[in-house]
Amino acid sequence: MDKPLLCVSACLAGENVRYDGRSVFHPGLWEFVTEHFTPLPFCPEVEAGLPVPRQPMDLFDSPLSPRAIDRNGEDHTFALTRVMRAQIRRLCGLPVCGALLKSRSPSCAVCRRIPVFDRETGRACGESFGLFAKMFLAAFEGLPVADEHVLAGGKAREEFLHAVLARHTFSEDRT
């Protein structure tokens, strides 16, 4: 494989999978991704069978083990977890060298934690990474991860690129 394999939130790849159906595609970011990486888009929520558009979800209960519950009170944690575990198993069999995940997503938030709410009071009771991001970080410890804000430009973008390229070179040297 010429370019490093990068797991990418599908919404950042230009797929209209967000809860509200809006695009968050940034051509400059995507140009950077496709120039340097082989992207592997994935959306846990759509893969779990949730429609587009859909009710927004938030994380509730415990920051250590949050539940993904939509604005109608429907708990999607089990369906999401099932799909995410299958995706992680699939990714473990691939030479993934990094990930670009969507900020502020209940599934993918990785660089900045998002609030976890208490169901009774509706108040924030802590913070957590997104459900998929937590699984990804546990399965791929030490792998470079970023969100679209980190890759907006500057030094952080270059550091991410070099970290992923180093991981790619290391994995190729071992085969």
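**Exercise 1. Find out how strand S4 (residues 66–70) sits in the fold, and which strand pairs with it.**

Step 1. Four of the five residues of S4 are buried, so this strand is largely enclosed by the rest of the structure. Buried means under 20% relative accessible area, exposed means over 50%, and partly exposed lies in between (1.4 Å probe, protein chains only). Strands (E, at least two residues) and helices (H or I, at least four) are DSSP runs, numbered from the N terminus.

Before going on, a word on the model: it is predicted, so local features need pLDDT of at least 70 and side-chain atom pairs count only at pLDDT 80 or more, while totals for chains, interfaces and linings use all residues. Residues are numbered from 1 along each chain as its sequence is written, and side-chain values use heavy atoms, with hydrogens and water left out.

Step 2. Now look for the partner: S3 and S4 pair in the antiparallel sense over five bridges. Two strands count as paired if DSSP finds at least two bridges between them.

Step 3. Check the register and the connection. Leu 59 stands opposite Ala 68 in S4, and four residues lie between S3 and S4 in their hairpin.

**Exercise 2. Work out which side of helix H1 (residues 27–36) is buried.**

Step 1. List the buried residues of H1: Leu 29, Trp 30, Phe 32 and Val 33.

Step 2. Place them around the axis. They cover an arc of only 155 degrees, which puts them on the same side of H1; the arc is that of the directions from the helix axis to the C-beta atoms.

Step 3. Turn to the other side of H1, where Pro 27 and Glu 31 are exposed.

**Exercise 3. Trace the open sheet of four strands and the helix H4 that packs on it.**

Step 1. Read off the strand order, S2-S1-S5-S8, with parallel pairing. S2 and S8 (145–147) are the edge strands, each pairing on one side only.

Step 2. Consider the twist: neighbouring strands are turned by 25 degrees against each other on average, direction ignored. Axes here are lines fitted to C-alpha atoms, for helices over the stretch in contact, and angles run from 0 to 180 degrees between N-to-C directions.

Step 3. Zoom in on one pair. S5 and S8 are joined in the parallel sense over three bridges, and Ala 99 stands opposite Val 145 in S8.

Step 4. Add the helix: H4 packs on the sheet and touches S1, S2, S5 and S8, its direction making about 160 degrees with that of S5.

**Exercise 4. Identify the largest nonpolar core and the elements that build it.**

Step 1. Start with the core itself, which has 28 residues; Leu 80, Leu 91 and Phe 132 are among those with the most contacts inside it. A nonpolar core is a set of buried Ala, Val, Leu, Ile, Met, Phe, Trp, Tyr and Cys residues joined through side-chain atoms within 4.5 Å.

Step 2. Find the suppliers. Elements giving at least two residues each include S1 (5–9), S5 (96–101) and H4 (131–139), while H3 gives the most, with five.

Step 3. Follow Phe 132: its contacts (heavy atoms within 4.5 Å) include Cys 7, Phe 42, Met 84 and Leu 101, not counting residues up to four places away in sequence.

Step 4. Apart from this core lies another, of 21 residues, among them Val 24, Leu 100, Ala 146 and Phe 160.
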